[in-house]
Amino acid sequence: MAEKHQHDAPPSPYLEKRRTAAETEALEERVRRLENLLTEKGIVSKKTLDRVVSIYENDLGPLNGAKVVARAWVDEAYRQRLLADATKAIKELGFGGLQGEHMVVVENTATVHNIVACTLCSCYPWPVLGLPPTWYKNPPYRSRIAIDPRGVLVEFGLELDDSIEVRVWDSSAEIRYLVLPERPQGTEGFSEEELTALVTRDSMIGVARINSPS
Amino acid sequence: MNGMHDVGGMGGFTLPVRDPDEPPFKYEWEALVFAANQAFHGPWPVDRRRFAIESMPPDLYLSTSYFGRWLWRFEKLLVEDGLATEEELRNPDGPMSPAADFQPFVRDAVDHTIPPKFRVGDDVLVKNEHPTGHTRVPRYVRGRRGTIHLDHGVYDLPDTVAHGLDPKPQHCYAVIFRASELWGARANPRDWIYVDLWDDYLLADS
């Protein structure tokens, strides 16, 4: 169903800004000037810039969140600590820092489905999910998730039964939310590592469920 | 301010196709803009940086890509604080003035003993205010009734810290709203929205 909806949709200017080659070149030139200016004036060093890029390209990503989720699935005491004080429980696995200083984990069940958004900007739990995908940061998702969460999920390929309660978390302060998705059926004998591999970024934002492995 | 950024509830946008393997940065310039933002916080608390983007003219906001907005903001703040001039940003071969002195933004730990105005379970009414400066109250909850769901503890009120005014540390809560309170008959009766709101945004609804 996901593919049908997605292919029916017209291309969005927010997926990737449509630029001409000349516009892209001008933008690249503008950023080179900025970088030159920052380093020449001693505001920021080139080394620092490179280090930041490397951290966000290599060290952070949804794998960290997946480890948190898998641990909660296999360790009931951990699950309870995670729901009671997420910042602390996530730190137990070594994840924390910028945009993860104040974490709250919300749990999806057979009757409750949580979705995370930031209608005002792009707040997102970096230490556990990495940087947000483009669709999360741009107006289409931010505008519609508030007023039509079920419709957004259908377009993303997830139809929720009408009896399920939907909770949308609009990250308007410094608290960052992570969804603990439901453990899929048919994973009873799975190891923590195998479970980790099943957990998707979108399931931890709450716009998808995790499919049973078949 | 009632800027273009406050899009919750708007119609007319088309959801994009999601790329499950999207890299954090698609272009090198995006990575550089991001890194410059992270590496140099300078005198810019997060809410001042947010307000800079909120000040973008609506047509420019909508026609600029995400990291393009970050680039616009970064240049604007550099100029505002005398760390660079428009001329320097546009003409790299021209003379370069030394950067003005800057004080990094440092906030002492907030006082966590400040008492809350509300308790979990209290019914609240969000003030119907439309400030010209920075605020973190989405328009769609202004004047609406909700209930305190969770007390997050004490945080600086964004509205003053964004503008270099005296900090106003106070409790911030997850406030739960029935979707029908916000969107009327269109809403599903089983839908709820949680918005994080500070004491100053709320009135007791008794």
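**Entry 1: the largest pocket**

I began with the lining of the largest pocket in this predicted model, and I noted that helix 2 of chain B supplies its largest share, six residues. I then looked up the volume, and found that the largest pocket holds about 1,100 Å³ of space. Its lining counts 45 residues, and those closest to the centre are Q99(A), E174(A), V46(B), R49(B) and R50(B). The elements that give two or more residues to this lining are helix 1 (28-39), helix 2 (46-54), helix 4 (66-80), strand 2 (145-156) and helix 6 (158-161), which belong to chain B. When I sorted the lining of the largest pocket by class, I got 20 nonpolar, 11 polar and 14 charged residues. I also asked where the largest pocket lies with respect to the domains of chain B. Because domain 1 (1-96) and domain 2 (123-204) of chain B both give residues to its lining, I placed the largest pocket between them.

**Entry 2: the second largest pocket**

I turned next to the second largest pocket, for which I noted a volume of about 740 Å³. It is lined by 31 residues, and I listed T200(A), R201(A), D202(A), R18(B) and P20(B) as the closest to its centre. Helix 1 (2-8), helix 3 (46-59) and helix 12 (201-205) of chain A each supply at least two residues of this lining, and helix 1 of chain A gives the most, with three residues. By class, I recorded 17 nonpolar, six polar and eight charged residues in the lining of the second largest pocket.

**Entry 3: helix 4 of chain B**

I went back to helix 4 of chain B, one of the elements lining the largest pocket. Its 15 residues reach 21 Å from the first C-alpha to the last, close to the 21 Å expected at 1.5 Å a residue. I found the helix mostly covered, with 11 of its 15 residues buried; among them are Y66(B), F67(B), W70(B), L71(B), F74(B) and L78(B), as well as the charged R69(B), R73(B) and E75(B). Just after helix 4 of chain B, I noted that G82(B) takes a positive phi of about 70°.

**Entry 4: V166(A)**

Last, I looked up V166(A), which sits in strand 3 (residues 165-170) of chain A. Is V166(A) buried or exposed? I found V166(A) buried, because its relative accessible area is 0%, against a cut-off of under 20%. Leaving out residues up to four places away in sequence, V166(A) touches H113(A), I115(A), P149(A), R150(A) and L160(A), and also R190(B), D191(B) and W192(B). I also noted that V166(A) and A146(A), 20 residues apart in sequence, are 11 Å apart in space, C-alpha to C-alpha.

Technical notes. Residues are numbered from 1 along each chain as its sequence is written. Chains are lettered from A and ligands numbered from 1 in the order in which they are written. This is a predicted model: local features need pLDDT of at least 70, side-chain atom pairs count only at pLDDT 80 or more; totals for chains, interfaces and linings use all residues. Side-chain values use heavy atoms; hydrogens and water are left out. Helices (H or I, at least four residues) and strands (E, at least two) are DSSP runs, numbered from the N terminus. Buried means under 20% relative accessible area, exposed over 50%, partly exposed in between (1.4 Å probe, protein chains only). Contact means heavy atoms within 4.5 Å. On a 1 Å grid over the protein atoms alone, a cavity is a set of points where a 1.4 Å probe fits but cannot get out, and a pocket is an open set with protein on both sides within 12 Å along at least five of seven lines; lining residues have an atom within 4 Å of a point. Grid points are joined across faces, edges and corners, and a volume is the space filled by probe spheres set on the points. Domain bounds come from an automatic or database domain assignment. The expected span of a helix is 1.5 Å times one less than its number of residues.
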